[in-house]
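Subject: Handing over the model

Hi,

Here is the structure I promised to pass on to you. Have a look at it first, and then read my notes underneath.

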Amino acid sequence: MATQQSVSAATLRDILRRLNPNRPAGFDEFAIPRVPRNSNALRQLRTHISADPYAKALLSGHIGVGKSTELFSLKKELDSDRHVIVCSIAETLGMHNLDTFALLIVILEACIRSWIDRLGDMPVGLVDELVNHVRTLVPESKRPPSTSRVGLIREIQPLQELFGAIPKKISTGGQLAKLYSEVLQRLALRYVSPAQLATLDPSGIAMSCEVMLKELESRAKKPVLLLIDDLDKVRNPAAQTDIFLDRAMALLRLHCGIVATCPLDVLFAQRGRELDQVWGTMYILDPFPVPDLEGATVNDPTLSPYLTILRSVGAQQAISALQCRKVAHASGGIPRVFVYSCSACVTYALEAGEPHVLDYHVDLVQRDQTDLWRGRLEDSDYEALAAVLDSGGSNVPRAVHLLRDGVLIRDGAAQDVKQFRAAPWVSPLLDSYRRRKALPQPVEGGDRK
Amino acid sequence: MMLNIYLQSLLSHQPAIGVVRWEDRDTLQRLLAVLPRHLKAAHGGKGTLRTIAAADMSSEQFGKAVVTSLRNAAEACLIIYDIESFAGLAGSILNGQRERLGLARAILLCIRTNRFRDFALEAPDVMSWVGNNVAQATDFNETPLRSDVKKSLRLLETKYGMTTSAFLARSDVGKATGIPDAWIWRELATMDRNMRDGAIS
């Protein structure tokens, strides 16, 4: 029995290692394989990007719904026809440090690295040109030299702090990549204050990106496709407006195709309608269909993607189909929440020395998720949530912050007319609020059990 | 537009600076193969032809090459190409050397269309001299004759003091890196071989 238990524990540990919710599915051999999904948005996005090499598209959806997974899948699909460059903001800069200037530096650094890795060193002339653009970051340096030197030195100070001690001679792409990596490090650690950064003119970096992408296309002999991941995690409304609306031309002018992720709440914010005018069509990735709690058969098509995820990591030995249904229902159709919940269930089983996840463990995980939000939502939040659910989605701008936090879920593929529902882990809290306030119970609404 | 008409129009100006924009490298190669013959014909068989291929140059080297090429250049025609990687800086350099550019009989600048704007922004004075002398390489889309290719090869042989076969032998063992015109020389040699074998009619 002891041997049996130790084998099971090793198996559970192996399952736990592969159930990593933070790694996009299909990213590498250690990640969960990608589950193909039946999504009109993805079909349209693929058609758009394949047909137009310079198309710019935004892919939106809840955090954890699978946008990064689909971006990596797109990269694999188009790698032979396009020179694909992936920019991951969270790894290089941190989402809280992002604005258009920093985003352009991330893109430029990724392009330089991609050139060096795949095409060899950069032409000396191109390096010269890119270095020359740094000079134009200070608006003062564009003026005639007759301007007073005191003013010039004051203006140049943020540039010196951002770029540190610039080497006297930069003649290779490697040196340039190192310089921009150091700039990113300084931006990530906020070595230069936002007020100082605001004095820099981003058009020099924007020009560098444009030049770099034009030359990259010419050298690679195929169009460039830029995949910008993690932009959906930008929470600061000012940064969202800056990147997606006010200075969107910094991205739209680039000589390449772009697919960038976008926060769902931007679409429903005050200026959300402007997005369509600026970017054209937005593609929204919907959550997986949510299976009903009651259901006996494993052939239920709504349960199928969740079972596929579990089978792909061999977790069917540890989690039964009924438990899978329960966890899938509680995840609200968000794959990352499902994977996280499954890994939490397996952790509980491992800690308890059980060879298999018990129903009790699933209940514990659901309770943990609800407890995470208990006390963090105010009455005004519940009120906004109830207003959206009861109106069938008419009052969403009131609850846009709840959409950002994943408390309110938009599901465009929902069968009924109600495209918004409360996250399952918040439903008990909302019910409790309704009882407390004696609000009239909606006839059909949300995910209330 | 016929190339000879464009060149005659260009040479009727002083200073004579023209820009040819291209999008496809093959088109540029075809143009470069026939350009020497047409330029010489338009110039009445006089003068010399000088080229600056700036693909592997830094901006500093390019500046020096411009100065060197424009020495005693009253009867010389200068063709500049492959400046795309530093089009903006090349624009600044040429704009700064504009008086010197006027010393040459004619200057023809070939630049990829999507970098032309960057060049033009940095070279406003040069562009005012260029005026209407801007053309598309596809406008001169004519198949080069084998005699054009042979003439171009002879120009390169004279310039670098070695035969094409000697150049190819050096190129095959990787010792042709110091020759700025190496790629066009190889292309011309390939074209010559294909024309001889009948692959290109």
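Below are my notes on domains, a helix pair and the contact between chains.

A word on conventions: this is a predicted model, in which local features need pLDDT of at least 70 and side-chain atom pairs count only at pLDDT 80 or more, while totals for chains, interfaces and linings use all residues. Residues are numbered from 1 along each chain as its sequence is written, and chains are lettered from A and ligands numbered from 1 in the order in which they are written.

Let me start with the domains of chain A. The assignment gives domain 1 (2–22 + 288–373), domain 2 (40–284) and domain 3 (379–437); such bounds come from an automatic or database domain assignment. Where domain 2 of chain A meets domain 3 of chain A, 10 residues come from domain 2 and nine residues from domain 3 (two residues are in contact if their C-beta atoms, placed from the backbone, lie within 7 Å). On the domain 2 side, helix α13 (residues 264–268) of chain A gives the most, with three residues. Helices (H or I, at least four residues) and strands (E, at least two) are DSSP runs, numbered from the N terminus. That side of domain 2 has six nonpolar, two polar and two charged residues (Ala, Val, Leu, Ile, Met, Phe, Trp, Tyr, Cys and Pro count as nonpolar, Asp, Glu, Lys and Arg as charged, and the others, Gly among them, as polar).

Next, a helix pair you may like. The axes of α5 (residues 100–119) and α8 (residues 173–188) of chain A come within 9 Å and cross at roughly 150°; axes are lines fitted to C-alpha atoms, for helices over the stretch in contact, and angles run from 0 to 180 degrees between N-to-C directions. α5(A) and α8(A) are therefore roughly antiparallel to each other (angles under 35 degrees count as roughly parallel, over 145 as roughly antiparallel, 65 to 115 as roughly perpendicular and the rest as oblique). Residues making this contact include I105(A), I112(A) and W115(A) of α5(A), and L176(A), Y180(A) and L184(A) of α8(A). By class, the contact residues divide into 13 nonpolar, three polar and two charged.

Finally, the two chains. Their contact takes 13 residues from chain A and 16 residues from chain B. On the chain A side, α6 (124–135) and α10 (203–220) each supply at least two residues, and α6(A) has the largest share, six residues. The chain A side has four nonpolar, five polar and four charged residues. Chain B itself has 10 helices and five strands.

Best wishes
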